[in-house]
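Good morning, colleagues. I would like to take you through one protein model, beginning with its overall dimensions and then moving to individual elements. Please keep the structure in view as I speak.

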Amino acid sequence: MKPKRHYKEYSIVFIPTWSCDNTCSHCFEKIGLGQISPDAWDSLWRRLLDFVKLHHTKKLKLYWQGGEILTLDHKQVAGELGKLKAFFKDKDCAIEHHFQTNLIAYHDGWAPIIAKYFRGSISTSLDYPNLYRHSPSISIKNYNNHWLRKKRVAEKAGLTVSLISLPNTETLKHGAKKFYHYYRDVIQIKNLQVNFPFPGVNGRDPRPMNLKKFGDFLEDLYHIWITEGRTLNLSPFVMLEETLAGNHERGLPCMWSNNCAHSLFAVAPDGETGQCDCWVSTLHDFSFGNLFHDPLLKILHSKKRNRFLKRPAKMIDDPECSVCDYWKICHGGCPIRAQTFNGDMFSRDYYCPVYKRIFNMVIKQMRIQKINL
């Protein structure tokens, strides 16, 4: 069986551990014990090298996520990163690493590793106000301050910290202005991404938000961002503006990908693969196979993966998608949000009405600014 296509650039969401030092009630993952075994690292690196050779891939992006990466031994991680570098020595493929952490267990032993292999950059998460994030030793009330102390330690070591925020029902009550100034002035972050939450594994949190109120909040946030001089690198707005203006270097968030199955898959600690970490952690019926046991081509051509590949073609038959002015931006939205809210990955993303408001708002603003679309 031969590969059906080449991937000049591809992303792997790598989850080396399910262990986590937080016990957040809104987590979409089923956190527990279990991390990649010592003898499985080499097997993983060889399989990634096989993938690159098979598809003539020129860049492989490896997104290290969890669980929580900082629960691993930092010296072991450094050793494995060195092995991976040796595996790809003299290969015509660049490896680009990305580091996702809750930051709570950060210490300076990680600083030289992140500086050397992760371009000195950390991606992390913090909510305003915090309703869900906590650990056995850090309360919800004290969590943000504890996180802020860790951020300052990391920045003192010369690392750059970027942030993802999940709005919640209380966020909407506080309003966009307080939200914006909290991250800009209190947290003093430069790169902020606003994500769209979906149900966690407990089926209760995060509590669903009123879509009209959420849309109102995002419209207010966008106009505050513009009025105050775009002092934050605020996504998804900045990514959307750049893409609409013809700059595709950064690209759109994966929730608006034309087909995420063409550009990434995830690998769990035991080798199980799925569309992304959101699927492989809890929705085992959607597994593509096991990277440590199954042939690579079998995984890539699996029936389960093929369902994701077919999703855009099925979505265009949806009565609303077929006539939507924004189809070429959204493509039906995110399959995990469709699945978790609607129980059907072939349905429209739950946030469809909100996306339409965002697209319309940004396009109108760009026309006012006379930016060519």
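The protein contains 14 helices and 10 strands; by helices and strands I mean DSSP runs, H or I of at least four residues for helices and E of at least two for strands, numbered from the N terminus. Its radius of gyration is 20 Å, close to the 21 Å that the globule rule gives for 373 residues, so the protein is as compact as a globular protein of that length. That radius is taken over C-alpha atoms, and the globule rule is 2.2 Å times the number of residues to the power 0.38.

Before continuing, I should state that this is a predicted model, in which local features need pLDDT of at least 70 and side-chain atom pairs count only at pLDDT 80 or more, while totals for chains, interfaces and linings use all residues. Residues are numbered from 1 along each chain as its sequence is written, and side-chain values use heavy atoms, with hydrogens and water left out.

Along its principal axes, the C-alpha trace spans about 55 × 50 × 40 Å. Of the 373 residues, 54% are buried, where buried means under 20% relative accessible area, exposed means over 50%, and partly exposed lies in between, with a 1.4 Å probe and protein chains only. The protein exposes about 17,200 Å², of which carbon and sulfur atoms supply 52%; these areas come from the Shrake-Rupley method with a 1.4 Å probe, and for residues only the protein chains shown count as cover. Taking contacts between residues at least 6 apart in sequence, 71% join residues at least 24 apart, a contact being heavy atoms within 4.5 Å.

Let me turn to the strands, beginning near the N terminus. Strand E1, residues 9-14, is mostly covered, with five of its six residues buried. Two strands pair if DSSP finds at least two bridges between them. E1 is joined to strand E2, residues 59-64, by six bridges, and the two run parallel. E1 also pairs with strand E8, residues 264-267, in the parallel sense over four bridges. Ser11 illustrates both pairings: its bridge partner in E2 is Lys61, and in E8 it stands opposite Leu264.

Next, consider an open sheet of four strands, in the order E4-E5-E6-E7, with parallel pairing. Strand E4 (121-125) and strand E7 (233-235) stand at the edges with a single partner strand each, so one side of each has no neighbour in the sheet. On average, neighbouring strands of this sheet are turned by 20° against each other, direction ignored.

Within the sheet, three bridges join E5, residues 160-165, to E6, residues 191-194, and Ser165 stands opposite Val194 in E6. Three bridges also join E6 to E7, with Gln193 opposite Ser235 in E7. Which side chains of E6 point to the buried face? They are Leu192 and Val194, whereas Asn191 and Gln193 point to the other face and are not buried.

Helix H4, residues 140-156, lies across E4 and E5 and runs at about 150° to E5. For such angles, axes are lines fitted to C-alpha atoms, for helices over the stretch in contact, and angles run from 0 to 180 degrees between N-to-C directions.

In the loop between helix H6 (176-186) and E6 we find Ile189. Ile189 is buried, with a relative accessible area of 2%. Leaving aside neighbours within four places in sequence, Ile189 is in contact with Lys151, Val161, Leu163, Tyr183, Arg184 and Leu232.

Toward the C-terminal part of the numbering, helix H13, residues 335-342, has as its buried residues Pro335, Ile336, Arg337, Ala338 and Gln339. These pack against helix H9 (277-280), helix H11 (303-315) and helix H14 (352-368). Just after H13, Gly343 takes a positive phi of about 75°.

Finally, the cysteines. How many disulfides does a search of the whole structure find? The search finds zero, a disulfide being a pair of cysteine sulfur atoms within 2.5 Å. Cys24 is in none, as the nearest cysteine sulfur, that of Cys20, is 6.4 Å away; at 17% relative accessibility, Cys24 counts as buried. The sulfur of Cys254 is 6.2 Å from the closest cysteine sulfur, in Cys334, which is too far for a bond. Cys254 is exposed, with a relative accessible area of 56%.
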